[in-house]
Amino acid sequence: FESLRAGGADIATMIFRDHHAYTAADIARITAKAHDRDLIITTEKDLVRIDQALLDDRWHAVRVRMDIEGLQTMVQEIEARAQERRVLR
């Protein structure tokens, strides 16, 4: 949400739990809330979970990526420890 706001978007939000099984009623509620909006944005992950027949042309997906600071260092440490403990046959 903050990325959209930082880009200047005036947004209204609805939050669903992770792995939510979207129903026709959910889509109707979202669409009703967005009646005066140009776009309805969800994640790519959620868009594929929604029956496409329920969507109008305002629906779009945004790709979400997680960046973990220091991830490469953690991966290298795990690989080094695994290598140290590897049993030779």
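Arg37 counts as partly exposed in this predicted model, with a relative accessibility of 24%. That sits a little way into the middle class, because buried is kept for values under 20%. The side chain of Arg37 meets that of Asp10 in a salt bridge, with N and O 3.7 Å apart. This pair ties together distant parts of the chain: Asp10 belongs to the loop between α1 and α2, Arg37 to the loop between α2 and β1, and 27 residues separate them. Asp10, for its part, is exposed, at 66% relative accessible area.

Salt bridges turn up elsewhere too, and the count comes to 9. One of them joins Glu77 to Arg81, where the closest N and O atoms are 2.6 Å apart. Both of these residues belong to helix α4, and because they are 4 residues apart there, about one helical turn lies between them. Glu77 is partly exposed at 40% relative accessibility, and Arg81 is partly exposed as well, at 44%. Back with Arg37, there is a third member to add: salt bridges with shared partners join Asp10, Asp36 and Arg37 into one network. Another pair is Asp67 with Arg65, whose closest N and O atoms are 3.0 Å apart. Here both partners are exposed.

The loop between α1 and α2 deserves a closer look. Arg17 is found in this loop, which runs between α1 (2–6) and α2 (24–33). Its relative accessible area is 58%, so Arg17 is classed as exposed. Even so, the side chain of Arg17 makes a polar contact with the side chain of His20, at 2.8 Å. His19 lies in this loop as well. The backbone of His19 has a positive phi of about 65°, although the residue is not a glycine.

Moving on into helix α2, Asp26 is a charged residue that has its place in that helix. With a relative accessible area of 9%, Asp26 is buried, since the cut-off for that class is 20%. What does the side chain of Asp26 have a polar atom 3.0 Å from? The partner is the backbone nitrogen of Thr23. Apart from neighbours within four places in sequence, Asp26 is in contact with Phe16, His20 and Ala21. His20 therefore appears twice in this part of the picture, once beside Asp26 and once as the polar partner of Arg17.The inside of the model comes next. Its largest nonpolar core has 9 residues in all: Tyr22, Ile27, Ile30, Ala34, Ile40, Leu47, Ile50, Leu55 and Trp59. In soluble globular proteins, nonpolar side chains tend to be buried together. Within this core, Trp59 has plenty of company. Leaving out residues up to four places away in sequence, Trp59 touches Ile27, Ile30, Thr31, Ile40, Thr42, Leu47 and Ile50.

Strand β1, which covers residues 40–43, includes Ile41. Ile41 is partly exposed, with 41% relative accessible area. Once residues up to four places away in sequence are set aside, Ile41 touches Leu4, His60 and Val62. His19, from the loop between α1 and α2, is 22 residues away from Ile41 along the chain, and their C-alpha atoms are separated by 17 Å.

Nonpolar residues also show up on the outside. Met66, Ile68, Leu71, Met74 and Val75 make a nonpolar surface patch of about 470 Å². One of these, Ile68, has its place in the loop between β2 (59–62) and α4 (71–85). How exposed is Ile68? The relative accessible area is 43%, so Ile68 counts as partly exposed.

Helix α4 closes the tour. Thr73 has its place in this helix and is exposed, with a relative accessible area of 56%. From Thr73 to Arg85 is 12 residues in sequence, and the C-alpha atoms of the two are 19 Å apart in space.

Methods
Residues numbered from 1 in each chain as written. Predicted model: local features only at pLDDT ≥ 70, side-chain atom pairs only at ≥ 80, totals over all residues. Heavy atoms only, no water. Patch = residues over 30% accessible without salt bridge, like charges linked within 9 Å, V, L, I, M, F, W, Y side chains within 5 Å. Areas by Shrake-Rupley, 256 points an atom, 1.4 Å probe, with all protein chains shown as cover. Salt bridge = Lys/Arg side-chain N within 4 Å of Asp/Glu carboxyl O. Helix = DSSP H or I, 4+ residues; strand = E, 2+ residues; numbered from the N terminus. Buried < 20%, exposed > 50% of the residue type's maximum accessible area, 1.4 Å probe, protein only. Polar contact = N/O pair within 3.5 Å; in protein donor to acceptor, adjacent residues only side chain to side chain. Contact = heavy atoms within 4.5 Å. Core = buried A, V, L, I, M, F, W, Y, C linked by side-chain atoms within 4.5 Å.
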